[in-house]
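Me: I am new to this structure and would like a close look at a single part of it. Please take one pocket and follow what surrounds it, step by step.

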Amino acid sequence: MSAAIIEKYGDARLPRYTSYPTAPNFSTEFDALDYPAWLRRFPEGQPTSLYVHIPFCRSMCWYCGCHTTITERDRPILDYIETLHREIELLASARADSFSVGEIHFGGGTPTVIRPEEFIALMDAFRNRLGFASSVNAAVEIDPRTLTGEMAAALGQSGVTRASLGVQSFDPRVQKAINRIQSVETTMETVEHLRHNKIDAINFDLIYGLPFQTVESCVETVEAAVSMRPDRFAVFGYAHIPSFKKHQRLIDEAALPDARERALQASAIAEALVTAGYVRIGLDHFALPGDDLSVAQAEGRLHRNFQGYTTDACEALIGLGASSIGRLPQGYVQNEVPPGLYATRVSKGELPVAKGYHLTAEDRLRGDVIERLMCDFAVDISALAAAHGFDADLLLGSNDRLDELERDGLIERRGGFIKVSEDHRFIVRAAASAFDAYLNKSGRSFSKAA
């Protein structure tokens, strides 16, 4: 892999494409009354997903890019949970039929910052007020530093089937530089608590590109992590955006690796995980061969949503909580981001929608093309365009970004079929961005896509 390609594409600020259009394109001009109308139109009995945002942590990790609030007190959390229950009631009132919830994902923040009995009550409310499908997959994001045995038992009792653990790095120097001290032993204890409570599907999150991180420390972290044999890994590059996330100013920029070092770290982590028996899934996930993600990728059934790669094929995703995003066949909705404003809207009996987006027929085509590229590293533009009732030239004609990728030898084009080079899969977001009509309005080249 040439240094020039790494320099040009390695640090390009491009979307992760967990949705299309991406969230910055959602509009505050959206009519919030459209949302309950969309909910009512969704077919009865069709499986639905829930995303539940818990925007609280006990301490701030300096690398964090999430919507979260630091609190040592329980009162703000208790008030927020009460508001969540009110939002559940509003959703239930907006739709007479069951939502047939088949997938639930708790994100944050730290979802397990709430009390065990409160978590059980929330799951009961989802079941009793929104309605469950015949089988439910429930996942929760966990900070191993704060999970108690009582909470692990509550998760098992509530029917949680998957846990995602933040690990990031086991290097003590890196941990100190990002304000997240977490030992291998603490992580192992959390895994044991979860498995004791029949939560056997476990994910680990790792990050490269952190301050003082090296290829060697990345590999050492992988070796310690795979000894616990989680089912999946998600491996992300740290995004340093101190102008947007002010706490990131506490990170020593001089200690951050450059683009070449980041690429080497990502490659070393991937190689170590594959050597340990994990299958590479899309851009940044890894799973054991028998895991649902591995099977879905092999069968061409892999999808992207706001949690990354998934087997979840539900057409409806309902977002609950401050800042959460939902999707229905007609488009996207996003709740108010500040927890206080979110609570105020709910207290008035309003679904707390702040932004939204109506999907067009062209959006759906471009979204499908981008999803297949992100999942399969290849896409038949002609076939998808025809299926959506469009001419492929809409996407392929005068596509400067696509032409640039081909000139750089990063993609193969055969008619309407496009494939990302096996040796340059890290540029798949650049390939996807070639079909992003909103990003391409700027006309910028990749080297300036910051």
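Reply: In this predicted model, a good place to begin is the second largest pocket, whose lining draws at least two residues from each of strand 11 (303-305), strand 13 (316-320) and helix 12 (361-376). The volume of this second largest pocket is about 640 Å³, and among the 26 residues that line it, those closest to its centre are His303, Arg304, Cys314, Arg327 and Glu371. By kind, the lining of the second largest pocket divides into eleven nonpolar, seven polar and eight charged residues. Helix 12 gives the most to this lining, with six residues, and that helix leads on to a neighbouring part of the model, since helix 12 also lies across strand 17 and strand 19, running at about 145 degrees to strand 17.

These two strands belong to an open sheet of three strands, which has the order 17-19-18 and antiparallel pairing. Strand 17 (378-380) and strand 18 (411-414) stand at the edges with a single partner strand each, so one side of each has no neighbour in the sheet. On average, and with direction ignored, neighbouring strands of this sheet are turned by 10 degrees against each other. Strand 17 and strand 19 (residues 417-420) run antiparallel and are joined by three bridges, and Asp380 stands opposite Phe417 in strand 19. A further helix meets the sheet as well: helix 15 (residues 400-407) lies across strand 18 and strand 19, and runs at about 110 degrees to strand 18.

Definitions and conventions: Residues are numbered from 1 along each chain as its sequence is written. This is a predicted model: local features need pLDDT of at least 70, side-chain atom pairs count only at pLDDT 80 or more; totals for chains, interfaces and linings use all residues. Side-chain values use heavy atoms; hydrogens and water are left out. On a 1 Å grid over the protein atoms alone, a cavity is a set of points where a 1.4 Å probe fits but cannot get out, and a pocket is an open set with protein on both sides within 12 Å along at least five of seven lines; lining residues have an atom within 4 Å of a point. Grid points are joined across faces, edges and corners, and a volume is the space filled by probe spheres set on the points. Helices (H or I, at least four residues) and strands (E, at least two) are DSSP runs, numbered from the N terminus. Ala, Val, Leu, Ile, Met, Phe, Trp, Tyr, Cys and Pro count as nonpolar, Asp, Glu, Lys and Arg as charged, and the others, Gly among them, as polar. Two strands pair if DSSP finds at least two bridges between them. Axes are lines fitted to C-alpha atoms, for helices over the stretch in contact, and angles run from 0 to 180 degrees between N-to-C directions. Contact means heavy atoms within 4.5 Å.
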